[in-house]
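Here is a set of short exercises to work through with the model open in front of you. Try each task before reading its solution.

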Amino acid sequence: MTHAESVTKMWQEYHKALGVLAPDAIVADSFSDNPQEATELSVLVDQGIKRATASALWSIEKNSTEIPAVGGIFVVTDGKGEAVCIVKTTKVSIIPFNEISEDNAFTEGEGDKSLKYWRRVHIEFYKRQFAPLALTFEESMPIVFEEFEKVFP
């Protein structure tokens, strides 16, 4: 995968600061499925407000991607694919959608940080994400709730 020059540079600078050689495989991603929101969310991560993300397990499985692991690092990018910061996964939980708590919603840090807001925007997001995958949103579906901390810069 080709990344913006800023992503490669930040990946290398982070590993240099640790005193280790940067792995060739760069892990980088944005939050959201639209550029404007991805940029807004990347700012929240950079400010330490957004400290978690919630992915549908069914989507992860359907796309044959890996479930995040504690200790994993990735470059958070904005809506243009430019590097914003690097985060490290601190906790991964699989929680049914209808059991996501107020604390989970607050940790995710989006909107007014309420569970009501979280549910509304995530139902919309999962439905959009599921449409091309022939999946259907369900209240009890498993969510991969990944908590992280900003580690660079």
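## Exercise 1: Find the main core

The largest nonpolar core has 17 residues, and those with the most contacts inside it are Phe 97, Ile 100, Trp 118, Tyr 126, Phe 137, Met 141 and Ile 143. Task: work out which elements each supply at least two residues of this core.

Solution, step by step.

- Start with the terms: a nonpolar core is a set of buried Ala, Val, Leu, Ile, Met, Phe, Trp, Tyr and Cys residues joined through side-chain atoms within 4.5 Å. Buried means under 20% relative accessible area, exposed means over 50%, and partly exposed is in between (1.4 Å probe, protein chains only).
- Helices (H or I, at least four residues) and strands (E, at least two) are DSSP runs, numbered from the N terminus.
- Now the elements: strand 2 (52-56), helix 5 (115-130) and strand 5 (142-152) each give at least two residues to this core.
- Helix 5 provides the largest share, 6 residues.
- A second, separate core of 12 residues includes Trp 11, Ile 26, Ile 73 and Phe 152.
- As background, nonpolar side chains tend to be buried together in soluble globular proteins.

Before you go on, two notes on what you are looking at. This is a predicted model, where local features need pLDDT of at least 70 and side-chain atom pairs count only at pLDDT 80 or more, while totals for chains, interfaces and linings use all residues. Residues are numbered from 1 along each chain as its sequence is written, and side-chain values use heavy atoms, with hydrogens and water left out.

## Exercise 2: Follow one core residue

Task: leaving aside neighbours within four places in sequence, list what Phe 137 is in contact with.

Solution. Contact means heavy atoms within 4.5 Å. With that cut-off, Phe 137 meets Phe 97, Ile 123, Tyr 126, Lys 127 and Phe 130.

## Exercise 3: Step back to the whole chain

Task: find the order of the elements from the N terminus on, and say how the radius of gyration fits the globule rule.

Solution, step by step.

- Count first: the chain has 5 helices and 5 strands.
- Read them off from the N terminus and you get α-β-α-β-α-β-β-α-α-β.
- The radius of gyration is 15 Å, close to the 15 Å that the globule rule gives for 153 residues, so the chain is as compact as a globular protein of that length. (The radius is taken over C-alpha atoms, and the rule is 2.2 Å times the number of residues to the power 0.38.)
- The C-alpha atoms fill a box of roughly 45 × 30 × 30 Å along the principal axes.
- Of the 153 residues, 42% count as buried.
- Take contacts between residues at least 6 apart in sequence: 68% of these join residues at least 24 apart.

## Exercise 4: Buried or partly exposed?

Task: decide whether Thr 107, Val 151 and Leu 135 are buried or partly exposed, then look at what surrounds each one.

Solution, one residue at a time. For the contacts, skip neighbours up to four places away in sequence.

- Thr 107 lies in helix 4 (residues 102-108). Its relative accessible area is 13%, so Thr 107 is buried. Its contacts are Ile 49, Lys 50, Arg 51, Ala 52 and Glu 147.
- Val 151 sits in strand 5. Its relative accessibility is 28%, so Val 151 counts as partly exposed. Val 151 touches Tyr 14, Ile 86, Val 87 and Lys 88.
- Leu 135 is in the loop between helix 5 and strand 5. Its relative accessibility is 22%, so Leu 135 counts as partly exposed. Its contacts are Trp 58, Ser 59, Lys 62 and Phe 130. The C-alpha atoms of Leu 135 and Ser 59 are separated by 8.1 Å, though these residues are 76 apart along the chain.

## Exercise 5: Check the backbone

Task: what kind of peptide bond joins Phe 152 and Pro 153, and what is phi of Ser 32 and of Lys 113?

Solution, step by step.

- The bond between Phe 152 and Pro 153 is cis, with omega about -15°. Pro 153 is in the segment after strand 5.
- Ser 32 is not a glycine, yet its phi is positive, near 100°. Look for Ser 32 in the loop between strand 1 (28-29) and helix 2 (35-46).
- Lys 113, also not a glycine, has a positive phi of about 70°. Lys 113 lies in the loop between helix 4 and helix 5.
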